[in-house]
Number of protein chains: 2
Amino acid sequence: MPVTLVYISVKRDCIDDFITASKANHESSIEEPGNLRFDFMQNEDDPSQFVFYEWYQNDDDITAHKQTTHYKTWAAAVNDMMAERRRGVRHKGLFPEMKS
Amino acid sequence: MPVTLVYISVKRDCIDDFITASKANHESSIEEPGNLRFDFMQNEDDPSQFVFYEWYQNDDDITAHKQTTHYKTWAAAVNDMMAERRRGVRHKGLFPEMKS
């Protein structure tokens, strides 16, 4: 099952707005049927650095996520808040052993 | 609440043994009272690269984790399997909003 760590660097004057927009995206994303994790964290040493931890049942669920209104709303809202292009790193989720 | 991403590079001939040792550590760690997440993933492009995603209620729980038999057993078992020193990056867990 695909697990993606998405690394995002945010402009310093946009941090609060980025968290607000990302909270809304989190709350809707966890309701998607194929979603297993959609956690969101902020670097302790540098609060402008964020990570999304996203676990989906399969790639079709990731494709579906990117077609949702809440994803598109988030992406449009935060696009200009990012200090650089965001970077996603794909993994295989090993444990916990999620049921498909 | 502290969330740590631990990045581990494993020698290529130790990958299977590393997964076996880490599964045991995962299974015991999620039973710790202060643990909220102890997920384990493998890089899709380079299977020698792993990440632990560890969420605890507070720093005392992390200290307690490192004193458990299962952590010490894991650390001793995998020490020589690592290609380089492992690296932990601390975050503040924002969402989901965990209850303390």
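Which residue of S4(B) does A:Phe40 stand opposite? The residue is B:Phe95, and the sections below place this pair within the predicted model.

## Relation of the two chains

In this predicted model, chain A is superposed on chain B by a rotation of 180° with 0.0 Å of shift along its axis, at an RMSD of 0.0 Å. The two copies are therefore related as by a two-fold rotation axis. The same surface serves both copies, since 100% of the contact residues of chain A recur in chain B.

Within chain A, the residue that comes closest to the rotation axis is A:Tyr53, whose C-alpha lies at 4.4 Å.

## The contact between the chains

Chain A gives 20 residues to the contact, and chain B gives 20 residues. On the side of chain A that touches chain B, at least two residues each are supplied by strand S1 (2–9), H1, S2, strand S3 (49–56) and S4 of chain A. S4(A) provides the largest share of that side, with six residues. By character, the residues of the side of chain A that touches chain B comprise 10 nonpolar, five polar and five charged.

## Strand pairing across and within chains

Strands pair across the contact. S2(A) and S4(B) run antiparallel and are paired over four bridges; in this pairing A:Phe40 stands opposite B:Phe95. On the other side of the assignment, S4(A) and S2(B) are also antiparallel and joined by four bridges. There, A:Phe95 has B:Phe40 as its bridge partner in S2(B).

S4(B) also pairs within its own chain. Strand S1 (residues 2–9) of chain B lies antiparallel to S4(B), with six bridges between them. One of the pairs involves B:Tyr7, whose bridge partner in S4(B) is B:Arg87.

## Cis peptide bonds after S4

Most residues other than glycine have a negative phi, and most peptide bonds are trans. In chain A, however, the bond joining A:Phe95 and A:Pro96 is a cis peptide bond, with omega about 5°. A:Pro96 belongs to the segment after strand S4 (87–95) of chain A.

Chain B has a cis peptide bond between B:Phe95 and B:Pro96, where omega is about 0°. B:Pro96 is located in the segment after S4 of chain B. A:Phe95 thus takes part both in the cis bond to A:Pro96 and in the bridge to B:Phe40. B:Phe95, likewise, is joined to B:Pro96 by a cis bond and stands opposite A:Phe40.

## Helix H1 of chain A

Helix H1 of chain A comprises 15 residues (residues 15–29); at 1.5 Å a residue it should span 21 Å, and the 20 Å between its end C-alpha atoms agrees with this. Its buried residues are A:Phe18, A:Ser22, A:Asn25, A:His26 and A:Ser29. Because these cover an arc of only 100° around the axis, they lie on the same side of H1(A). A:Asp16 and A:Thr20, on the other side of H1(A), are exposed.

The cover over the buried residues of H1(A) draws on both chains. It includes strand S2 (35–43), helix H2 (59–65) and helix H3 (69–78) of chain A, together with strand S4 (87–95) of chain B.

## Helix H1 of chain B

Helix H1 of chain B (residues 15–29) has 15 residues and reaches 20 Å from its first C-alpha to its last, close to the 21 Å expected at 1.5 Å a residue. The residues B:Phe18, B:Ser22, B:Asn25, B:His26 and B:Ser29 are buried in H1(B). Viewed down the axis of H1(B), the buried residues fall within an arc of 100°, so they line one face of the helix. On the other side of H1(B), B:Asp16 and B:Thr20 are exposed.

The buried residues of H1(B) are covered by elements that include S4 of chain A, together with strand S2 (35–43), helix H2 (59–65) and helix H3 (69–78) of chain B.

## B:Gly34 in the loop between H1 and S2

B:Gly34 is situated in the loop between H1 and S2 of chain B. B:Gly34 counts as partly exposed because it has 17 C-beta neighbours inside 10 Å.

Leaving aside residues up to four places away in sequence, B:Gly34 touches B:Tyr56, B:Gln57, B:Asn58, B:Asp61 and B:Ala64. B:Asn58 is 24 residues from B:Gly34 along the chain, and their C-alpha atoms are separated by 7.4 Å.

Notes:
Residues numbered from 1 in each chain as written. Chains lettered and ligands numbered in written order. Predicted model: local features only at pLDDT ≥ 70, side-chain atom pairs only at ≥ 80, totals over all residues. Least-squares fit on C-alpha atoms with pLDDT ≥ 70 in both. Contact = placed C-beta atoms within 7 Å. Expected span 1.5 Å × (residues − 1). Buried ≥ 20, exposed ≤ 12 C-beta atoms within 10 Å, placed from the backbone. Arc of directions from axis to C-beta. Pairing = 2+ DSSP bridges. Nonpolar A, V, L, I, M, F, W, Y, C, P; charged D, E, K, R; others polar.
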